[in-house]
Amino acid sequence: MEVIISTTQLLTTDGIPLKQSLKKAERKNKIRAFLLVFPLLLFIFVTFVMPIGDMLLRSVDDAQINTVFPKTFEEFNKWDREKDKLPPEVVYRTLFEELATGEKIQIGRALTRMNYSKSGWKSLIKKTSREIKKMTRKGMVPESYKETLIEINKDWGDPTFWYSMSQMVNKQTPIYYWNAIDRTYDQDQNVIMQDEKRRIYVQTWFKTLKVSVYVTFFCLILGFPVAHLLANLPLRYSNLLMIFVLLPFWTSLLVRTTAWIVMLQQKGVINGVLVWLGVLSDDGRLQMVYNETGTLIAMTQILLPFMILPLYSVMKVIPKSHMRAAQNLGAKPALAFWKVYLPQTIPGMSAGGLLVFVLAIGYFITPELVGGKDGKLIGSWIAFHLKTTLNWGLCAALGAILLAVMLVFYWLYNKIVGIDNIKLG
Amino acid sequence: MNFESEKTFVKFEKIDKSYDGEVLVVKNLNLDIAKGEFVTMLGPSGSGKTTTLMMLAGFETPTNGEIFLDGMPISKIPPYEREIGMVFQNYALFPHMTVQENLAFPLEVRKLSKEETKEKVQKALDMVELGDFGTRFPAQLSGGQQQRVALARALVFEPRLVLMDEPLGALDKNLREQMQYEIKHIHDRIGITVVYVTHDQSEALTMSNRIAVFNDGVVQQLSTPDILYEKPENSFVAQFIGENNRMSGTIKSMENNYCSVELEKGAGIVKALKVNVGGVGDKTQLSVRPERVSLGSDGSGENVFTGKVEELIYLGDHIRVRLDVCGNNEFIVKVPNEGSFNYNEGDSIKLNWNPDDIRALDPLN
């Protein structure tokens with residue numbers, strides 16, 4: 001009897017190639033699986049991928065101003081700075097025309113953008129616009145646009161204003177990123193430090209990192225024994241303790257934060273008790289809120305459950321016999337803990353640590369409320385620019401940097417601990 | 001080996017243990033273990049055997065009494081200074097360390113040199129036939145292999161004594177039997193004293209030099225496996241170890257080593273060996289092993305009864321016959337399969353047993 005063994009392709013009983021047949025059989029399942037997850041995919045795309053993409057685009061976007069002064073910028077690019085101190089007449093003319101005919105709202109937006117590059121632009125153009133409007137109403141056409149404008153405001157003769165315009169002519173700009181780390185451009189397009197009094201972000205970045213690291217550290221120190229207790233107490237006690245741990249989750253963040261203000265302020269509960277006990281004199285009350293201390297205390301308390309729960313879930317499954325075995329093998333309790341127990345809690349510590357750190361680095365409400373002036377973190381500045389100054393480009397840049405910092409920490413974490421070592425529950 | 005004559009190595013003296021101050025889980029325990037002996041504590045769960053082991057290891061403190069190891073009281077010595085090896089129920093291998101690191105742990109704690117540690121670890125691994133598995137993690141080993149690593153780790157630092165707390169409980173039946181022999185062989189080879197805890201009587205019988213049968217916090221009987229099986233001293237031991245046929249009755253008379261017992265419901269009078277009974281008129285429980293009953297008696301001699309065959313179970317090497325005899329329809333007799341057994345269910349059959357094989361014990365409540 002002859003046995004044919006095909007090394008290239010296996011066939012089914014009906015003679016169809018096996019792989020093709022298998023694919024066909026599994027296609028239905030694959031389609032069904034995809035349809036089941038499709039709503040979630042869509043949801044994630046719309047609520048997560050798109051906003052982040054939009055934010056990243058916005059952080060470098062500089063197109064709006066180009067739509068307001070297209071011709072001016074075109075002529076501006078032809079200006080040879082080596083030859084002429086000021087731009088040629090045609091630049092003044094196109095600017096004059098575009099201010100005369102442009103939409104007021106669009107110009108207003110562009111002015112805000114112009115002011116980021118050099119303060120003074122806004123008032124300069126506003127005043128000029130008013131004069132231009134008057135002239136056009138009277139039907140006046142200037143002989144020399146350059147001289148007319150300089151006459152309206154002598155700043156038109158100041159080349160530094162014109163120099164700053166060269167930052168705006170591209171449709172993409174890194175200026176928000178430079179701003180986000182206290183840098184700006186000088187008149188020759190070199191990156192320089194901001195004025196001394198306007199440097200706020202670098203120190204805020206470092207403060208945010210410092211506070212996040214401290215909060216993570218304090219959460220670990222405070223959370224570890226609690227998690228251990230939770231994992232080892234008899235069920236009826238551990239249930240009660242678990243409720244205390246979870247209680248903050250069920251209370252509004254705002255309520256908890258304001259409760260800390262009540263506790264920590266100078267006429268507050270803690271100071272009151274300390275004065276009553278005679279530990280502090282009445283005029284020596286501690287400043288524990290509206291500063292970094294307050295931020296640290298309140299954030300640690302609020303983020304503590306995020307450390308305790310992953311730790312607890314890891315500790316729960318470490319058999320008690322391990323500590324006994326280590327002691328039985330001759331290790332003193334402290335050594336047994338260090339060598340046998342602690343290494344087994346690393347997945348919990350790292351999960352909790354990463355969770356607390358990531359939450360802390362972007363925290364907003366608590367530092368905003370209890371942080372006062374020097375307890376503010378980067379999140380507060382993002383909110384400030386989002387709501388008050390409407391500098392969304394800077395917001396997006398700050399947010400993108402925040403995202404990048406988190407990714408760097410994630411990468412470091414993966415390198416050091418390994419992401420497969422994480423355990424959240 | 002005869003351990004009775006040797007010097008006591010481990011001594012439990014009047015040990016009481018209570019967790020809550022209301023219930024004693026171990027009551028007045030007195031137990032001597034000789035050097036090199038393999039002693040098993042056997043009993044149902046909750047009988048106090050594991051507690052006793054934990055007191056020896058130092059994880060529980062006796063409420064009363066003292067434990068001596070090599071003549072020294074050890075109650076004040078913490079577990080990490082007792083030099084007692086232990087195999088835990090679920091092995092308690094450290095999952096974040098390789099097999100080698102697990103084995104090296106007790107040696108590193110004792111600050112042995114690197115070379116010496118390596119050498120001893122390899123020797124211990126070879127002993128349990130896992131020489132090539134040193135670099136694996138416990139999770140990469142099968143249950144039986146983990147068991148052996150746990151055994152090697154308990155022995156690698158040359159402890160004075162090894163304790164084993166139901167070490168084979170998590171293994172399947174075949175592997176368990178194989179490991180029983182392996183542990184026994186290792187014990188024979190290195191001659192270390194072993195205190196073993198189990199609830200599995202066949203495990204205890206296979207491995208031990210002596211067995212302490214625990215029930216209700218009390219050692220019911222401490223003896224070699226054969227004596228425990230053949231000469232149980234009370235009803236609990238007779239019932240717990242091996243199979244036995246039980247009958248209750250009242251003592252009618254006593255002479256020398258024997259007594260006559262009238263069975264309940266007037267089912268007859270049995271002559272039995274007097275082991276653990278009160279006086280005439282007291283209740284007693286009779287116990288006879290299924291393999292000590294012979295069927296098809298000619299009707300002469302003592303303890304001859306007639307029973308009805310209720311059920312036959314064919315087990316290859318022997319036939320298990322369930323009889324209704326003396327008012328007990330759960331009476332089991334094991335008949336060796338010699339080809340001569342030709343009764344059917346429902347048949348009447350004569351049976352008898354030697355008075356030396358039926359033991360009159362304390363009544364069960």
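Trainee: Let's start inside the sheet of chain B. Which residue in β9(B) does B:L42 stand opposite?

Mentor: B:L42 stands opposite B:V213. Keep in mind that this is a predicted model. To read a pair like that, step back to the strands that carry it. Here they are β3 (residues 38-42) and β9 (residues 210-215) of chain B, which run parallel and are joined by four bridges.

Trainee: What is the strand order of the open sheet, and how is it paired?

Mentor: Read across the sheet, strand by strand. In chain B the six strands go β6-β7-β8-β3-β9-β10, with mixed pairing. For the edges, look for strands that pair on one side only: in this sheet those are β6 and β10 (218-223) of chain B. From one strand to the next, the twist averages 20°.

Trainee: And hairpins? How many residues lie between β16(B) and β17(B)?

Mentor: Check the pairing, then the turn. Strands β16 (residues 304-314) and β17 (residues 318-325) of chain B are antiparallel over six bridges, and B:V309 sits opposite B:L323. Three residues lie between the strands, and B:G316 has a positive phi near 85°.

Trainee: How many bridges join β17(B) to β18(B)?

Mentor: Seven, and the two strands run antiparallel, with β18 covering residues 328-336 of chain B. One facing pair is B:R322 with B:I332. This hairpin has two residues between its strands, and B:C326 in the turn takes a positive phi of about 55°.

Trainee: Now the interface. How many residues does each chain bring to the contact?

Mentor: The size of an interface is often given as the accessible area lost when the parts come together. Here we have residue counts instead: 17 from chain B and 15 from chain A. On the chain B side, β6 (84-87) and α2 (99-109) are the elements that give two or more residues. The largest share, three residues, comes from α2(B).

Trainee: What is the make-up of that chain B side?

Mentor: Sort the residues by type and you get 14 nonpolar, two polar and one charged.

Trainee: Last one: how many helices and strands does chain A have, and what is its radius of gyration?

Mentor: Chain A has 19 helices and two strands. For the radius, compare with a reference: a compact globule of 425 residues would come out near 22 Å, but chain A has 32 Å. Its C-alpha trace spans about 105 × 100 × 35 Å along the principal axes. Buried residues are 29% of the 425. Among contacts in chain A with a separation of 6 or more, 69% are between residues 24 or more positions apart.

How values were computed: Residues are numbered from 1 along each chain as its sequence is written. Chains are lettered from A and ligands numbered from 1 in the order in which they are written. This is a predicted model: local features need pLDDT of at least 70, side-chain atom pairs count only at pLDDT 80 or more; totals for chains, interfaces and linings use all residues. Two residues are in contact if their C-beta atoms, placed from the backbone, lie within 7 Å. Ala, Val, Leu, Ile, Met, Phe, Trp, Tyr, Cys and Pro count as nonpolar, Asp, Glu, Lys and Arg as charged, and the others, Gly among them, as polar. Two strands pair if DSSP finds at least two bridges between them. Axes are lines fitted to C-alpha atoms, for helices over the stretch in contact, and angles run from 0 to 180 degrees between N-to-C directions. The radius of gyration is taken over C-alpha atoms; the globule rule is 2.2 Å times the number of residues to the power 0.38. A residue is buried if 20 or more other C-beta atoms lie within 10 Å of its own, exposed if 12 or fewer, and partly exposed in between; C-beta atoms are placed from the backbone.
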